[in-house]
Amino acid sequence: MSLSDGGGYGGGEPGGPDTGGQTRTRLPDGGGDPYGGGRRTRTGSSSRNLITIVGVVVLLIAAIAFANRGGDGPGAGDDNAKEADARSTAPTGTKPVEGKNGGIASGFAKTEQGAQSAAANYATALGSDGMFKADTRHGIVDRVYTPQAAARLKGSQDKAYSAEFLRKLGLDAAGNAPKGMTFISRTIPVGTKVEQFEDGKAKVAVWYTGLIGMAGPGSTDPVRTDWQTWTFDLSWSDGDWKITDDSQKPGPAPVSGDIPVAGADEISKAVKDYGGFTYAR
């Protein structure tokens, strides 16, 4: 390694002509201290090293910032979908349906997600106040069940929604609420779970909370909440998921909160002002 710009220790070439015993003194090029260190700083090399270090730091900062953007870069959709699969009740973002049939979501995908979306929306329809009137009930049943299941259920359901049962809820024989009163029946899905899925068949459980009761002055059946799990056996029929059978069981129910109970007028207004949703898994 050379300690000077000349390539040798004394400035001559190795093996060069004899200098006659004279001693050559090499003076520094600039006006600096002649007794400074024998090694001179190479300014160009140091500048290049500094630029390289700064460049590496900038690239590291950019890489960290890109990693922390969370979902904006290429491939973020795939990462988000994988995370959604790991969270049992997280929405996937997949479009749930292509349309509606008589106000009920329809056109679900022939996938596990599609079956879960169908089950959630069918639970909402079957838990609505439309089930307490014969005409609308038959229409709902025809839309969400297979034709065979619908034909089998209509008669037994008509018996279940008897005039006596409706009277206990404060409704007349046709399912109408008294003047000045509001009958409320809503199903609100909290989550869904696929229990079986194969060959165009699925079993999906829907955990939901519900509202049911009569809101109005002098009501003897105030609106209350309920927690149930509704399990549907689904079959792929005529290009969509349809119910072949279903069952319910209580719970799981959380502890009630300390929120003050609302009055009948407030509940009636909320039901009229707040619409429902189309559910998607």
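Good morning. Read from one end of the sequence to the other, this protein follows the pattern α-α-β-β-α-α-α-α-β-β-β-β-α. That amounts to seven helices and six strands. I should state at the outset that the model is predicted.

Let me begin with the overall figures. The protein has 281 residues, and 28% of them are buried. Its accessible surface comes to about 18,500 Å², with 54% of that belonging to carbon and sulfur atoms. As for contacts with a separation of 6 or more, 55% are between residues 24 or more positions apart.

I turn now to the pockets. The largest pocket has a volume of about 840 Å³. It is lined by 27 residues, and the closest to its centre are Leu211, Val223, Arg224, Thr225 and Ile267. Which elements each supply at least two residues of this lining? They include three strands in the later part of the numbering, namely E3 (182-198), E4 (201-215) and E5 (224-237), together with helix H7 (264-273). By class, the lining comprises 19 nonpolar, five polar and three charged residues.

The remaining topic is the aromatic residues. The structure holds eleven aromatic pairs, and I shall present two of them.

In one of these, Phe108 and Tyr122 meet edge-to-face, at 5.8 Å centre to centre and with 90 degrees between the planes. Phe108 sits in the loop between strand E2 (104-106) and helix H3 (112-126), whereas Tyr122 belongs to helix H3 itself; the two are 14 residues apart, and the pair links distant parts of the chain. Are these two residues buried or exposed? Phe108 is buried, with a relative accessible area of 3%, and Tyr122 is buried as well, at 0%. Both values fall under the 20% that defines a buried residue.

The other pair, Phe132 with Phe165, is stacked: 6.5 Å centre to centre, with 10 degrees between the planes. Phe132 lies in the loop between H3 and helix H4 (134-144) and Phe165 in helix H6 (residues 163-168), so this pair ties together parts that are 33 residues apart in sequence. Here the two partners are not alike in exposure: Phe132 is buried, with a relative accessible area of 7%, while Phe165 is partly exposed, at 34%.

Which residues do ring pairs link into a cluster? They are Phe132, Tyr161, Phe165 and Phe183. The stacked pair of Phe132 and Phe165 thus has both its members in that cluster.

Thank you for your attention.

Key: Residues are numbered from 1 along each chain as its sequence is written. This is a predicted model: local features need pLDDT of at least 70, side-chain atom pairs count only at pLDDT 80 or more; totals for chains, interfaces and linings use all residues. Side-chain values use heavy atoms; hydrogens and water are left out. On a 1 Å grid over the protein atoms alone, a cavity is a set of points where a 1.4 Å probe fits but cannot get out, and a pocket is an open set with protein on both sides within 12 Å along at least five of seven lines; lining residues have an atom within 4 Å of a point. Grid points are joined across faces, edges and corners, and a volume is the space filled by probe spheres set on the points. Helices (H or I, at least four residues) and strands (E, at least two) are DSSP runs, numbered from the N terminus. Ala, Val, Leu, Ile, Met, Phe, Trp, Tyr, Cys and Pro count as nonpolar, Asp, Glu, Lys and Arg as charged, and the others, Gly among them, as polar. Rings of Phe, Tyr and Trp (its six-membered ring) pair if their centres lie within 6.5 Å; planes under 30 degrees apart count as stacked, over 60 as edge-to-face and the rest as tilted. Buried means under 20% relative accessible area, exposed over 50%, partly exposed in between (1.4 Å probe, protein chains only). Contact means heavy atoms within 4.5 Å. Accessible areas come from the Shrake-Rupley method with a 1.4 Å probe; for residues, only the protein chains shown count as cover.
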